[in-house]
Amino acid sequence: MASNHRLSSISITITILCSLCCFRVHGADMITANQTLAGDQTIVSAGGLFKLGFFTPGKSSKHYIGIWYNRVSSQTIVWVANRETPVADRFKTELRVSDGNLVLVNTESQSQAPIWSTNLNSTGSNQAQAVLHDDGNLVLRDGSNVSLWESFEYPTHTWLPGGKLGLNKKTGTNQVLTSWKNLEDPAPGLSSLVLDPNGTTQYFILRNGTENYWSSGVWDNRTKIFSDVPEMTQNYLYNFEYVDNENESYFTYSMRDTSQTSRFVMDVSGQIKQLTWLNGSREWNQFWSQPRTQCEVYAFCGEFGVCDEGSSSFCGCLEGFEPTSWSNWNLRDYSDGCARVAGLQCANNVSNRRQDGFQPQTNMRLPVRSLAVGAGSANECKKTCLDNCSCTAYAYENTECQIWDDGLLHLQQYRTADTGDTLFIRLAASEFPSGKSNTGMIVGIVVGVAVLLVLILFLFSMRKKRGMIKVAKLVDGSLVPFAYRDLQSATKNFSEKLGAGAFGSVYKGVLPDSTVIAVKKLEGVSQGEKQFRTEVSTVGTVQHLNLVRLRGFCSEGVNKLLVYDYMPNGSLDAHLFDDLRKILSWKTRYQIALGTARGLRYLHEKCRDCIIHCDIKPENILLDAELCPKIADFGLAKLMGREFSRVLTTMRGTRGYLAPEWLSGVAITAKADVYSYGMMLFELISGRRNFSQHGDLNVKFFPSYAANRISAGDEVTELLDSRLEGNADIWEVTRACKVACWCVQDDESQRPSMGLVVQILEGVSEIFEEYK
C-alpha cells in the first residue's frame with residue numbers, strides 16, 4: 001500500500017512537471033523553446049504594460065496573435081502577427097519557438113506547416129526565447145540574449161514610442177505602416193505611411209502603394225522638424241530624432257513623460273493619427289491627424305463614391321448607384337465603391353434603344369484622370385461622351401470639355417453653394433422618366449415656374465424698398481439673423497479670407513451701410529437647429545470691451561455662420577512674430593496683456609455660467625484700430641456641440657498653449673485658460689515663439705529658461721524682446737514675467753485665477769505664491 005502511494009505521488013508530480021513544460025504560465029513575459037501559447041493563454045510584459053495573445057476583432061469569428069495595451073480598458077491592438085492568415089480555432093493553434101523561429105502552427109495539421117513565422121534561417125537552437133518588453137516590442141533572442149528578430153522591425157498599423165520607421169540601406173527593406181482593411185479585418189488595407197524610397201528624408205502616405213496624397217516634407221536637421229509639419233515646433237510631449245547614416249535612415253520618437261500612453265496609427269480612414277489615452281475619461285483622444293480632412297484621402301470612397309465632410313459616414317454614392325458591398329461599408333471600408341443600379345443601354349448593344357442620359361451633380365470636386373477633348377459647346381461635349389460607350393461622365397466649363405472613362409475616383413460633394421463644378425453622370429435611360437405623355441406635366445411646370453418668377457420679383461422689389469439687409473434695427477444684446485445669400489454678397493462670395501482656425505475659416509465682408517464685418521464659416525457643427533440658435537443667443541449676450549462682439553448669425557441647413565465686428569489690426573501673432581510689421585512697444589504689449597486678462601476674467605467670473613475658452617493663443621487675440629485686445633472664438637466649444645476632450649482634436653498647431661491636464665483625462669477647468677494665458681504672456685515678453693531659437697541663446701523652451709533666470713535673480717531685461725532695445729518699464733516686465741511663471745504651473749491648483757492676475761498686473765495685489 002505504501003509503495004503504491006509513493007508511485008501515485010511520483011506519477012502526479014511527473015504529470016505536473018510535464019504540464020509546466022508544455023504550456024505557458026499565464027501572465028509571464030516570455031515563451032521559451034519548451035513552452036507554447038494557445039487558447040486564452042497570454043504573456044504580459046514585466047512591468048504589466050503590454051499583453052500578447054489571441055484576439056478577435058469586433059464581431060469577427062477569426063482569431064489573430066496580437067499585442068495590446070494591458071492597462072487600457074478598451075482593448076487596443078498595436079501589432080498583429082498573422083494579419084493575413086487568421087485561424088478559426090485558437091485552442092487548436094499554438095504559438096511556439098521552434099528551430100530558432102517564432103511560429104504559429106495548427107496542432108491538428110499533420111504537416112505542422114507554419115501559419116505564420118518569423119522566417120529566420122534555422123539555427124537549430126533550442127535556447128531561443130520570445131520576450132515581450134514594456135515598450136510593446138516582442139523580441140526573439142538566442143541563448144546569449146542577442147536579438148534575432150523584433151516586432152518593432154516589422155510594424156503593422158501602429159507606431160509605438162521607441163519604434164523606427166525607415167529604410168535599411170543594406171537590405172533595401174523599407175518599414176511600412178499599413179492600415180487595417182476594415183474595423184474587423186487587420187489584413188493590410190489600402191493606406192500606408194512610408195519613407196520616400198527615392199532616398200529623400202520625407203514620408204509619404206500612399207493609397208494602394210502608388211498614389212501619394214500626403215507628404216511630411218523633408219527633415220530639417222537644424223529645426224528638428226519636417227518642413228510640412230510646422231506644428232512639431234510647438235511640441236512638449238515627444239523627443240524627435242531622425243537618423244541617417246550609411247546603414248539606415250529612419251525617424252523615431254520617445255515620450256518626454258513616460259507615464260503618458262501615446263501612439264501613432266495608420267488608420268482605416270487613410271489618415272495618420274496621433275492618439276493619447278485619457279485615464280480620467282477612459283478614452284483615446286485624437287491629438288493630431290493628417291491629412292486634416294477625410295476627403296483629402298485619395299479615392300477614400302472608391303469608384304463612383306462621393307466624399308462629403310458634412311456627412312457622419314463621409315461616404316455616399318452618386319445618384320443611380322449603390323454600395324458594392326454593404327457589409328464592408330458598415331465596417332468603414334469604402335474601397336469597393338459603388339455600382340450602378342441599372343446597366344447602361346450603350347453597353348447592352350441593343351438596337352432601337354432609348355439613349356442613356358446624364359444626371360447633373362452640382363458643387364462637386366471633379367474626379368481625377370480626366371481626358372480633355374475639343375468641343376465648341378456644352379452639347380458637343382455631351383455628344384462626345386454619349387458616343388463613347390466607355391465614357392461615364394463629362395464636365396463643360398469655360399469652353400473646356402472633360403470626359404471620364406470607366407470608374408470615377410476622388411469625388412467630393414461640397415456643402416457650400418457656388419463651390420466646385422457641375423459633373424454630368426451617365427445613367428441608364430431607365431433611370432429617367434419616360435418622355436411619352438408628359439405634355440401635361442411640362443405645361444404644369446412652365447406655368448408653375450412663371451408664377452414663381454412673378455412672386456420672386458414682387459418679394460425682391462419689396463425687399464429693395466426696405467434695404468437689402470436689415471441691420472439698422474440691431475439693439476444692444478440682440479443678434480441679427482442673416483440670410484446666407486446676403487453674407488455671400490457681403491463677402492463677395494467669400495473671396496477675401498482673413499484666416500482659419502479650429503472651428504472654421506473667417507472672411508472679410510462689407511454690409512450695405514458700409515459696416516465692415518468678419519464672417520466665420522463654421523465647420524463640423526453637430527448641434528441641432530434649435531440648440532444651435534439657443535447657444536448662439538447665449539454667446540451674443542456675452543459682451544465686454546475685451547471680447548470680439550458677435551453681431552449676428554446665419555443658420556440655413558448645413559450653412560452655419562457667425563458675424564463679428566471686424567478688427568482692422570488683425571491678430572496678435574502677426575504683430576509679434578512677423579519681422580516686417582512695426583514692433584509693438586512695451587507699453588502696448590502690457591496693455592494687451594492686461595486687456596486679455598480682463599476679458600478672460602469676465603468669461604470665467606462675471607458670466608452667468610463660467611465660459612472656458614480652451615484655445616487662448618496669440619492667433620485668437622485680435623486688435624482693433626486702437627490696438628485694444630479682443631478675445632475671439634469664446635464660447636465656440638459648446639456652440640459646436642463638442643466635448644472638451646474632442647475640441648483638442650481640431651487644435652492643429654496650438655499644443656504649445658495647452659495645459660497638461662488636457663492629456664491626463666481630468667476635468668477641464670478655467671485654470672486651463674490660465675495656463676494658456678501664461679504661455680502667451682511669455683511670448684508677449686520675448687517677441688518669439690516659446691519653442692523657437694531666441695537670438696544667440698541656445699533656448700529650446702523659453703518659459704523654463706525664463707523661470708530659471710528669474711529664480712537666479714538675473715536681470716529680466718535679458719528676457720525682453722531684443723528689438724525693444726531695453727525700452728520698457730522694469731517693474732512691469734518683472735511683474736509680467738512672474739505672473740507668466742505662476743500661470744504655467746503643472747499643478748492647476750497652484751495657478752492663480754484670472755481675477756487675481758488682473759489685480760497683480762494692475763498693481764493692486766502682490767504675488768503671494770512662490771512659483772516653482
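Trainee: Why is strand β23 (residues 262–266) called largely enclosed by the rest of the structure?

Mentor: In this predicted model, a residue is called buried when its relative accessible area is under 20%; five of the five residues of β23 meet that description, so the strand is largely enclosed by the rest of the structure.

Trainee: What makes you say that both faces of β23 are covered?

Mentor: S262, F264 and M266 lie on one side of the strand and R263 and V265 on the other, and all of these residues are buried.

Trainee: How do you know that β23 and β24 are paired strands?

Mentor: Pairing requires at least two bridges between the strands, and five bridges join β23 to β24 (residues 272–278), the two running antiparallel; one of the contacts to look for is F264, whose bridge partner in β24 is Q274. In the hairpin that these strands form, five residues lie between them, and G270 takes a positive phi near 85°.

Trainee: What makes β13 (residues 158–159) a partner of β23?

Mentor: The requirement is at least two bridges, and β13 and β23 have two, in the antiparallel sense, with T158 standing opposite V265.

Trainee: Why are β15 and β18 called edge strands?

Mentor: Four strands form an open, antiparallel sheet in the order β15-β16-β17-β18, and β15 (176–182) and β18 (211–215) each pair on one side only. Neighbouring strands of this sheet are turned by 35° against each other on average, with direction ignored.

Trainee: How do you know that β16 and β17 pair?

Mentor: Against the requirement of at least two bridges, β16 (residues 185–195) and β17 (residues 203–207) have five, in the antiparallel sense, and S191 stands opposite R207 in β17.

Conventions: Residues are numbered from 1 along each chain as its sequence is written. This is a predicted model: local features need pLDDT of at least 70, side-chain atom pairs count only at pLDDT 80 or more; totals for chains, interfaces and linings use all residues. Side-chain values use heavy atoms; hydrogens and water are left out. Axes are lines fitted to C-alpha atoms, for helices over the stretch in contact, and angles run from 0 to 180 degrees between N-to-C directions. Buried means under 20% relative accessible area, exposed over 50%, partly exposed in between (1.4 Å probe, protein chains only).
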